[in-house]
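Student: I'd like a close look at one part of this model, with enough of its surroundings to place it. Could you walk me through it?

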Amino acid sequence: MDVFSHTLWGYGLFGQKRPWLAMAMGAMPDMISFGAFALLRLVNGDYVPGKPDLEIIPAWCIVLYDLSHSLLISLLVVALVHRLWPGPAFAMLAWPFHIMLDIPFHTRHYFPTKFLYPLNDIFYDGIAWSRPLVWLPNIAGVLLVVGHRLWRRRQAANRAAA
Ligand SMILES: [Zn+2]
């Protein structure tokens, strides 16, 4: 899924108390890999919008992608945070949710989601998220969860004002 959708899914589903953290955790897996690579290319003056070819993607970007897209690692980190400091743990669930969205909507041709990394390189050869079959329901889902979140925030603000 694209990073904007991940950010909004995070906000809509996990942004009740800590909306900025939920959005950041929703975006984080792609930002620390693709985002860092895009920033580096921008600084170097060779940034080209769109999906970069696999041949030019550096090994460090692929490792960061695999680490940040491990359901195993994300759940361990969220569980650890929940144990040490429970407050932010719910908003951090946007991270494993990001991975659960990527598992069925990445193909083996471009960054398949190795959700058990580093224990195992297993992945699901899914349907590319950019196809209308996936993209349009994604947008509908994003509108639904963000609309619901905004509606709930408005209700809470009205109750506080009454
Ligand atoms: Zn991703």
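In which helix does Arg159 lie, and, for the close look, which residues are the protein donors of the zinc ion?

Tutor: Happy to! Arg159 belongs to helix H7 (a helix being a DSSP run, H or I, of at least four residues, numbered from the N terminus). With 57% relative accessibility, Arg159 is exposed (buried is under 20% relative accessible area, exposed over 50%, partly exposed in between, using a 1.4 Å probe and protein chains only).

Before the zinc site, a word on the source: this is a predicted model numbered from 1 along each chain as its sequence is written, in which local features need pLDDT of at least 70 and side-chain atom pairs pLDDT 80 or more, while totals for chains, interfaces and linings use all residues. Side-chain values rest on heavy atoms, with hydrogens and water left out.

Now for the zinc ion. Its protein donors are Asp30 through OD, His69 through NE2, His98 through NE2 and Asp102 through OD, at 2.0 to 2.3 Å from the ion (donors are N, O and S atoms within 2.8 Å of the metal, or 3.2 Å for Na, K and Ca; with no water among the atoms, sites may look incomplete). Read along the chain, these donors give the spacing D-x38-H-x28-H-x3-D. Asp30 sits in helix H2, whereas His69 is in the loop between helix H3 (59-68) and helix H4 (71-84), so this pair ties together parts 39 residues apart in sequence.

Asp30 deserves a closer look. Helix H2, where Asp30 lies, spans residues 19-44, and Asp30 is buried there because its relative accessible area is 8%. His69, its partner at the metal, is buried as well, at 1%. Beyond its neighbours within four places in sequence, Asp30 is in contact with Met1, Val3, His6, Gly35, Tyr65, His69, His98 and Asp102 (contact means heavy atoms within 4.5 Å). The other three zinc donors, His69, His98 and Asp102, thus appear in that list too.

The last two donors take us to helix H6. This helix runs over residues 94-102 and is mostly covered, with seven of its nine residues buried. His98 and Asp102 are among the buried ones, together with Ala94, Trp95, Pro96, Ile99 and Leu101. What do these residues pack against? The buried residues of H6 pack against H1, H2, H3, H4 and helix H5 (89-92).

Helix H2 has other covered positions to follow. Ala22 is another residue of H2, and counts as buried because its relative accessibility is 0%. Ala22 and Gly10 are twelve residues apart along the chain, and their C-alpha atoms are 5.1 Å apart. Setting aside neighbours within four places in sequence, Ala22 touches Gly10, Tyr11, Phe14, Gly15, Ala91 and Ala94, and Ala94 is one of the buried residues of H6. Thr7, in helix H1 (residues 3-14), is likewise buried, at 18% relative accessible area. Outside its neighbours within four places in sequence, Thr7 is in contact with Met23, Gly26 and Ala27.

After H6 comes the loop between H6 and H7, where Phe111 is found. Phe111 is not a glycine, yet its phi is positive, at about 50 degrees, and the residue is buried, with 6% relative accessible area. Pro118 is in this loop too, and the peptide bond joining Tyr117 and Pro118 is cis, with omega about 5 degrees.

How many salt bridges does a search of the whole structure find? It finds two (a salt bridge is a side-chain nitrogen of Lys or Arg within 4 Å of a carboxyl oxygen of Asp or Glu). One joins the side chains of Lys114 and Asp66, at 3.2 Å from N to O. That pair links distant parts of the chain, since Lys114 is in the loop between H6 and H7 and Asp66 in helix H3, 48 residues apart. Asp66 is buried, with a relative accessible area of 6%. The other joins Arg108 and Asp125, also at 3.2 Å from N to O. Both lie in the loop between H6 and H7, so this pair ties together parts 17 residues apart in sequence. Asp125 is partly exposed, at 38% relative accessibility.

That brings us back to H7, which spans residues 132-161 and includes Ala161. Ala161 is exposed, at 70% relative accessibility, and its C-alpha atom is 31 Å from that of Ala140, 21 residues away along the chain. As for Arg159, its C-alpha is 52 Å from that of Ala59, 100 residues away in sequence.

Conventions. Helices (H or I, at least four residues) and strands (E, at least two) are DSSP runs, numbered from the N terminus.
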